[in-house]
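Open your viewer and get ready to select residues by number. We will walk around one ligand, stop by stop.

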Amino acid sequence: MRLSTELKLPAVSLTGFETPMGEEELAIQASVHRFAKEVLRPIGQELDKMTPEQVIAPGSPYYTVFAEAARLGLDPGLLAQLPPDMAVRVESLIGEEMGWGDAGLAISLAAASFPLEMAKAVGNQELVDLCTGKIGCWMITHPDKGSDVTMYDIRRDWTPGAQGNKGNMLATVGKDEIVINGQCSAWVSNGAVAQVALGYLGADYGDGFFDADGRPHGLAAIIPLDLPGVSRGKPLDKLGQRSLPQGEIYFDNVRIPRRFAVALQDSYYGNHTSAWSYAGTHMSQTFTGVARAAFELALQYCHERKQGGQLLINHQLTRHRIGDMLRRVELCRAVARRSLAYARLTPQGHAYATASAKVTVTQEAWQVVNEAFQLFGGAATSREYPIEKLLRDARVTLIEDGENNVLTMRLGLLAQQLHAEGWGQG
Ligand SMILES: Cc1cc2nc3c(=O)[nH]c(=O)nc-3n(C[C@H](O)[C@H](O)[C@H](O)COP(=O)(O)OP(=O)(O)OC[C@H]3O[C@@H](n4cnc5c(N)ncnc54)[C@H](O)[C@@H]3O)c2cc1C
């Protein structure tokens, strides 16, 4: 037991009841917080009020974010240089601050580097060079293939005897060249502005699009988006995360060299689960930050607004509601970090395991933001206060990166699969 000799308030940091941090961690947290406060939050609020066309127009403050992020000077190799446990905490600290600043921009920055991170992970220097300095995106959903992208187990998770869903973005894979036709969904983050994509496509390697079980063959590739045959749809006008430009990308006989593939037939689903797990870890950190932002706004408001003859914070009922929000923010952080540690440190992660945290964090974040909104009373509904934007941003995330009911259903499927291997049987 660690004894205290005096009754004092507990140690807290920006990230709540945190174990002591080293100087380097504190410095990184402070500089990312400054970036979140001075760049992401004000620009996110400005973009939120603009049309999707204005958000992506040349000269838009959206592009300032990328220039300022580069100036922030975070070494892209930083995490690889740190001891693994510290790297997890630092990655989590950075992700939470970004989300605290603005969810849409946090997602946009993460999606922007997705193709580059994949190029590094497969160790392909040509693709690293191709992706460096560019705004990227991750095209995994297609118009007719939303929740179905998270289907891995065709025998347990699909209509018996039916072929799987190959989607609408298809590749014909030749000896030296890949030809791409079709389109990704309108929901692709950065789809309206990206210069390079990490794409997941249905693929024909010469014997059709399906294996003997009816599971679609796939291809993952880095695709430059300035090639002949690439075109865009209108940027998506949506409820929340309006600072994140989304939109369709169309492919009409677009040709890329086969060496741009990052996963062919046999390695496709393994690569797919890694990429999706990587995305899920970002979601959890980001929406821990959103939950914290809503909690802080509510705490502040309760110190300003008087009803019942007292400041709201002096009512027992309100303290209970604040306490409930605080414990949920702590829950988000704990789950987000555990899942991040699992994804980065275990040799055998899985997207459904990461999705478990994505669901918990986003559901809890939604609860916190919704309660903060309620605490603001009528003022919450006014665009003058920032809480209504957080509500819209948080609502969207219950669907983003996998709809939460579907993800939970697939977590149950994972339990079934593991049980079949002997897990949980005493
Ligand atoms: C803000 C945002 C950002 C996004 N970013 C990206 C991105 O960067 N890249 C990308 O590729 N995509 C992205 N998406 C797409 C996102 O992954 C999909 O929206 C999500 O997976 C759900 O797919 P869907 O919208 O087609 O819904 P659907 O799959 O059509 O689901 C509709 C409803 O049907 C239910 N349902 C679906 N399948 C089943 C089933 N088997 N059994 C029972 N019920 C079912 C679901 O629960 C849901 O309520 C983004 C979406 C949002 C909102």
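The tour below goes from the ligand outward.

This is a predicted model: local features need pLDDT of at least 70, side-chain atom pairs count only at pLDDT 80 or more, and totals for chains, interfaces and linings use all residues. Residues are numbered from 1 along each chain as its sequence is written, and side-chain values use heavy atoms, with hydrogens and water left out.

Select the ligand and show what surrounds it. You should find 19 residues, each with a heavy atom within 4 Å. The closest are Trp138, Thr141, Ser147, Ser189 and Glu403. By class, 9 are nonpolar, 7 polar and 3 charged.

Next, look for polar contacts (pairs of N or O atoms within 3.5 Å). Start at Ser147: an N or O atom of its side chain is 2.5 Å from a ligand oxygen. Go to Thr141, where a polar backbone atom is 2.7 Å from an oxygen of the ligand. Then pick Ile140, with a backbone N or O atom 2.9 Å from a ligand oxygen.

Now show the ligand's surface. Alone, the ligand exposes 980 Å², and the protein buries 67% of that (Shrake-Rupley method, 1.4 Å probe).

Colour strand E1 (136–139) and helix H14 (404–420). These are the elements that give two or more residues to the shell around the ligand.

Last, colour domain 2 (135–263) and domain 3 (271–420). Both give residues to the shell, so the ligand lies between them. The bounds come from an automatic or database domain assignment.

Terms used. A polar contact is a pair of N or O atoms within 3.5 Å; within protein, one must be able to donate a hydrogen and the other to accept it, and residues adjacent in sequence count only if both atoms are side-chain atoms. Helices (H or I, at least four residues) and strands (E, at least two) are DSSP runs, numbered from the N terminus. Ala, Val, Leu, Ile, Met, Phe, Trp, Tyr, Cys and Pro count as nonpolar, Asp, Glu, Lys and Arg as charged, and the others, Gly among them, as polar.
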